[in-house]
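Visitor: I am new to this structure and should be grateful for a close look at a single part, namely its pockets. Please describe them in a connected way.

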Amino acid sequence: MRLVDHFIVGGPGGASARKSAIFDPNNGSVQGEVALGNSETLEIAVQAALKAQPAWAGTNPQRRARVMFRFKELVEANMNSLAHLLSSEHGKVIADSKGDIQRGLEVVEFACGIPHVLKGEYTQGAGPGIDVYSMRQPIGIGAGITPFNFPAMIPLWMGAVAIACGNAFILKPSERDPSVPNRLAELFLEAGLPEGIFQVVHGDKEMVDAILDHPEIGAVSFVGSSDIAHYVYNRGVAAGKRVQAMGGAKNHGIVMPDADLDQVVNDLCGAAFGSAGERCMAVPVVVPVGEDTAERLKAKLIPAIEALKVGISTDAEAHYGPVVTQAHKEKIESWITSCVEEGGELIVDGRGFKLQGHENGFFVGPTLIDHVTPEMDSYHNEIFGPVLQIVRAADFEEALALPSKHQYGNGVAIFTRNGHAAREFAARVNVGMVGINVPIPVPVAYHTFGGWKRSAFGDTNQHGMEGVKFWTKVKTVTQRWPNGSLDGENTFVIPTMA
Ligand code: NAD
């Protein structure tokens, strides 16, 4: 049986004999195992990181950027095989896996500009003969703990910025699709990154706890579900670390009466069902404004959803593939059942979907449920599957209040031709990332990614300047070069620049 082992300097190590199955979501079989490490495994990685990091931090930023350039080229050269590897464990279709890798590479491209963004600030003559300057220095060792749904993009959100800033980075990816992170670590080495700067430890809660408690790890970036994000945030902060922890989501798409409904339906099909709905920026709730909009939208949505093709991840014609595990398939189906029991009107039912020739695959058919209301548990919670709920709103204010009051605040989109309504919505909605006629408003790498409310704990976002801030500490130097005379200064009062 294929074993995905830790990618750490000094060999796999550790005394852990625990392993976890890696499934092939297309047919439900076990295709390999991943090692589940413990504090001993982590210690080997931390020691290697401690050894390597000072020299890496002392490598000038331009040379660090050159490694990033080479890494980008290597990933591009290996795009096809990486995408197939990613799809084989995750289940998303190949084109989507390429998108996952490409969005990660865009953060690498941002990291190639690290010499520019690390320049710091300087004030000449802040006082008589006094200059002040600030510099951004690496934290030392940082860790990333990532979810299953973007096994290339999210490790690179964190890892590319962390190492470009001069840190050593230890990644603990999802145990469900662990192979691509190891492959990225190999390509970093091939690109010239010194050993010990990008390592991968595999595991579950035991490894996460070891990371959170390790005194040499100064910063932890987490992405996953909200309860675990909250736990990671609290435990990491209690241990004195800098922590950012991104959580779950329930993104709404608001459809105003004047929206171009053909465009909306096309956008919604991709945003709700693409990647089987397993995206934190998916749109699982659509809010038509007014009964007439709701009826017109529903009439167009039904045939579009019924025409979606569900297939195996290598089927180039498929719109989306299987979900990640049997347990997740069952959870999605039970949310559909509970939504119907709560009073939702099931329009298209994806439960019990079987793909011919792949009957044991983890497939869920596209599902549409109307007349969902804010009191329902299935609205309040994240389903993370190919399920679109329609929540009808009477007017703009009611539509605006829905995402604003929801426990999650990751992304939201408004579809309209009315610039005033869009502007008003963007300014007032209580959500971190807003799309105007853009269904999945994932910001470009040189801006920054992060939600509000229970979608993110901590106060810095991923990548862009926020990422650079997270992975560095500011040091401010006030310098004076006296010319030899004491100038009769009183040194017993707090110095001012007066
Ligand atoms: P998850 O929370 O189950 O796992 C995330 C990470 O936490 C994994 O590395 C996992 O090994 C670890 N983990 C699991 N259980 C743990 C425990 N009890 N204690 C400590 N660590 C534990 O999430 P997932 O199912 O892999 O990913 C899907 C979730 O991630 C969804 O909720 C989705 O919305 C969210 N997500 C959020 C963003 C964002 O940026 N806000 C992006 C992608 C995914």
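**The pockets of the model**

Guide: In this predicted model, the largest pocket holds about 910 Å³ of space. Its lining is made up of 36 residues, and those closest to the pocket centre are Arg176, Phe222, Gly224, Ser225 and Ile228. Four elements each give two or more residues to this lining: the helices α8 (205–213), α9 (226–238) and α12 (326–341), together with the strand β9 (219–223). In character, the lining of the largest pocket comprises 15 nonpolar, 11 polar and 10 charged residues. Two domains take part, for at least three lining residues of the largest pocket come from domain 1 (2–247 + 455–477) and at least three from domain 2 (252–436).

The second largest pocket may be described in similar order. The volume of the second largest pocket is about 510 Å³. Here 27 residues form the lining, with Asp96, Gly270, Gly274, Arg279 and Ile440 the closest to the centre. At least two lining residues are supplied by α4 (94–111), and at least two by α10 (261–273). The contribution of α10 amounts to seven residues, the largest share of the lining of the second largest pocket. Sorted by character, this lining has 16 nonpolar, six polar and five charged residues. For the second largest pocket, too, domain 1 (2–247 + 455–477) and domain 2 (252–436) each provide at least three lining residues.

Notes:
Residues are numbered from 1 along each chain as its sequence is written. This is a predicted model: local features need pLDDT of at least 70, side-chain atom pairs count only at pLDDT 80 or more; totals for chains, interfaces and linings use all residues. Side-chain values use heavy atoms; hydrogens and water are left out. On a 1 Å grid over the protein atoms alone, a cavity is a set of points where a 1.4 Å probe fits but cannot get out, and a pocket is an open set with protein on both sides within 12 Å along at least five of seven lines; lining residues have an atom within 4 Å of a point. Grid points are joined across faces, edges and corners, and a volume is the space filled by probe spheres set on the points. Ala, Val, Leu, Ile, Met, Phe, Trp, Tyr, Cys and Pro count as nonpolar, Asp, Glu, Lys and Arg as charged, and the others, Gly among them, as polar. Domain bounds come from an automatic or database domain assignment.
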